[in-house]
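Q: I am new to this structure and would like to learn how to read it. Could you take me through a few features, one at a time?

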Amino acid sequence: MSNTSPASNFWTYVAECVRLLYWIYFKPFTFERWLRDIHPELKPRDNPFNKRAEFRTNPRLRRYARQVWWLTAVVPMFAVLLVAPIYALVSGESFNWLISCVFLAGWFIGRVVDRGGNKNRLVIFLIAVLSMFLAYQFLSNVVFGVAFGVAFGVTIGVTFGVTIGVTFGVAFGVAFGMAIGVAGGVAFGVAFGVAIGVVRGIGVNVMPGVAFGVAGGVAFGVVGSVAGGVAWILGVLRVYFWLPELLWILTLFLLSRNGKRVNCLRYLPPRFDELIILPLPFMDVMIVEAYRKNPMAARETINYLITSTNQQRVAAQAISGIAVDILNCCQRLSDIAEIANQLAWIPSPPPKELGAVLPQFLEISQDVRASDEATSPYRKYELLNIPINALRQLGQSLALTKDARVAVSFGNTAQSWLTILETAQRTLKEQAQQSKEIRQVYIAGNSLDPETAKNRFKGRIDIFREIESLTLSEQPPVLLLYGGRRTGKTSALKYLPYRIGSDIIPLLVDLQGAASATTLKGLAENLAKQIIEAARQLARKIYFPKPDANRLAEDPFPALQNWLTEIERGNPGRRFLLCLDEYERLGEVVEATSSRAPLNFIRNLLQHQRKWILLFSGSQELSELDDYWSDYLINTRALRMTYLHESEARDLIRQPVDNFSNIYEPTAVDEIIQLTRCQPYLVQLVCYEVVELLNRDIRRNRREADTAKATAQDVQEVIPVVLERGDQYFRELWKSLADSDRSFLRRIIYGETPTQQDKGVIRKLTRKEILTPEGNAFQVPLVQKYIEQLLEEE
């Protein structure tokens, strides 16, 4: 048995009802979350008695329903008893206690008889209306007033009690109780205004709620009293609550010193009133200042404002202020590198007050960190070019922006960062020049980026010339750039803008990322986003308009085609070379969406957009794809990306960058050429490991820095490391082969002689640049060594 007394249980129940009433008007977001905890489908405006069937299995729901009933039945009576004397004293008008009390009695009776549920509501409503009619016809004035008041109270109590939710239920009771007792409509306007402010504010959102309330207030003022209309508007704006909150925030701000602001965060008005319509000053300033002392408390306050109140704008202003504060505090390179970590808590995407500026600073910070983590001073020096160029561009865009606040806040920061990075880069250059080690300038793995790789990209002049001439031809074909993996296709596309004339605008789109979309809308949005970004990254920077989001959502690819036409009109005299890298991934989208709309879009583009030329890039020829591809890619010109010419490979080995020291014996260069057969990725990988080997020996005093040169023996020594580091490349190559191809290669490894029946396999493997045309030897010795190693492990 419970030890609690009935009196204690009673006061606990009363306290719960009072808390519920407080939540309704001051903490509606907390109220909503609490209701979801009781029942996942329950909302503040719902009648809990509609879920009567679940009362037995959900005691919390049953208890809440009873509390709602008591609140709607009793609170209007207490409110009238408390407010009416004050109203009469202040206004000097008399209050008709008889009619008001009679109405409230009827209201209470209506709430009592309504507990029977919906089945009784219509009958009770009709009886009450009939009673009002009979009272009007046959009773005297006083008796009529009493009877009418009771019947009207019953009608309103039944109709508006719990049916439209506890917030409106209480407001209706209070409003009618007051309005009947006074001549004007001020009380009615106040009560309903506040209720509208709460219900419309959380049920839809604040701005439509306020607009609805103001419109209602104007209408009320026209058909009723002006004072009632004004009271309605003030209720919607919650001015009655806002005035003391304004005094409170001013007190907090003026009486708390900078160092003590963090202690005031728990007492900010949104902590006890989650629905503040009118703005309150200084809240964002206090949060920014508190962040300097206690970041966790400030972040918790911002998170609370975003998730539990309607003060998202204040939170955004605080985030902006904190971001500017942190960015301006950077004094060293390491400070900038840490910015991405320090601001990782900011929501993504960031508040619109920060625009696109903060994400750019975060990207610059990440680039600085990548530079800082490089293995040599020279590589750090090179990688700093990326954030330095980005800061220069950001500074130019900030100088042209129309938003003065953003320009002032972030313009000085960009200039300060630029000074820090340029100073650090000069220091790194001096360190690189003084270092005894050989500069590690080879890049093995990722595609080469012109911004950082500079002139490491060698050769391919014939490819660039053919692309340019075909693009400018009178009837340009579809271009297909194909070749084995890591032969430099993506690198060539990145260098394309620097190798062709300005009348062609190359736009690189990575379909590997776009293919992750599972809907046609997602694919179209990704394509548009990448096209816009590719144009911005060009040396001459072209800014395309954004496509219409609504049209893109309704019918993605016709909207995309209209957008391309708009771009074409805005750039007369230009041809657009749309480069679709990893084009085979479109097949995945076709399968995922069960639609060939992307391919239909491509065919339509080829037929009707004469200024747009398509270049597909991938590792497969059209003959290796599904048959349906040939229906869409008509008049295709294939451009094969093969290995480097020997002269180009030798240039890459000896002079990867300007002023690179001669570190190779002629025999070492010959050995690299022989092992790699000028495959660009393998050339870079072998040279990278050779430089690492030489630097290790220099650090251990095994070689003199000034005279150290790689020999053929050094090249042989790094082969095991090359096979290990290049495992992904070699393994992908092996897995891409059919079983019959792998079986034949096993036979070659084991020394068997090809037969006449193997001619088809030999032609296929020769085309893939794996075997020589005779079919008895591998084109790339390193590939043979890897397969031999793989077979030994089987």
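A: Gladly, and here is a first term: a crossing is left-handed if the near helix is turned anticlockwise from the far one by less than a right angle, and right-handed if clockwise. Please keep in mind that this is a predicted model, in which local features need pLDDT of at least 70 and side-chain atom pairs count only at pLDDT 80 or more, while totals for chains, interfaces and linings use all residues. Residues are numbered from 1 along each chain as its sequence is written, and side-chain values use heavy atoms, leaving out hydrogens and water.

Q: Which hand does the crossing of helix 27 and helix 29 have?

A: The crossing of helix 27 and helix 29 is right-handed. Helices here are DSSP runs of H or I with at least four residues, strands are runs of E with at least two, and both are numbered from the N terminus.

Q: How is a pair of packed helices described?

A: Two packed helices are described by the angle between their axes and the distance between the axes. Axes are lines fitted to C-alpha atoms, for helices over the stretch in contact, and angles run from 0 to 180 degrees between N-to-C directions. Here the axes of helix 27 (residues 556-570) and helix 29 (residues 597-608) cross at roughly 30° and come within 10 Å. That makes the two helices roughly parallel, a label for angles under 35 degrees (over 145 is roughly antiparallel, 65 to 115 roughly perpendicular, and the rest oblique).

Q: How do I read the order and pairing of strands in the sheet?

A: Two strands pair if DSSP finds at least two bridges between them. In this structure five strands form an open sheet in the order 2-3-4-1-5, with parallel pairing. Strand 2 and strand 5 (636-640) stand at the edges with a single partner strand each, so one side of each has no neighbour in the sheet.

Q: Which bridge partners can I look up in strand 3 and strand 4?

A: Strand 2 pairs with strand 3 (residues 575-581) over seven bridges, and leucine 508 has cysteine 579 in strand 3 as its bridge partner. Strand 1 (residues 478-482) and strand 4 (residues 612-618) pair over four bridges; there, leucine 481 is partnered by serine 617 of strand 4.

Q: Is alanine 539 buried or exposed?

A: Buried means under 20% relative accessible area, exposed over 50%, and partly exposed in between (1.4 Å probe, protein chains only). Alanine 539 has 66% relative accessibility, so it counts as exposed. Alanine 539 lies in the loop between helix 25 (520-537) and helix 26 (549-554).
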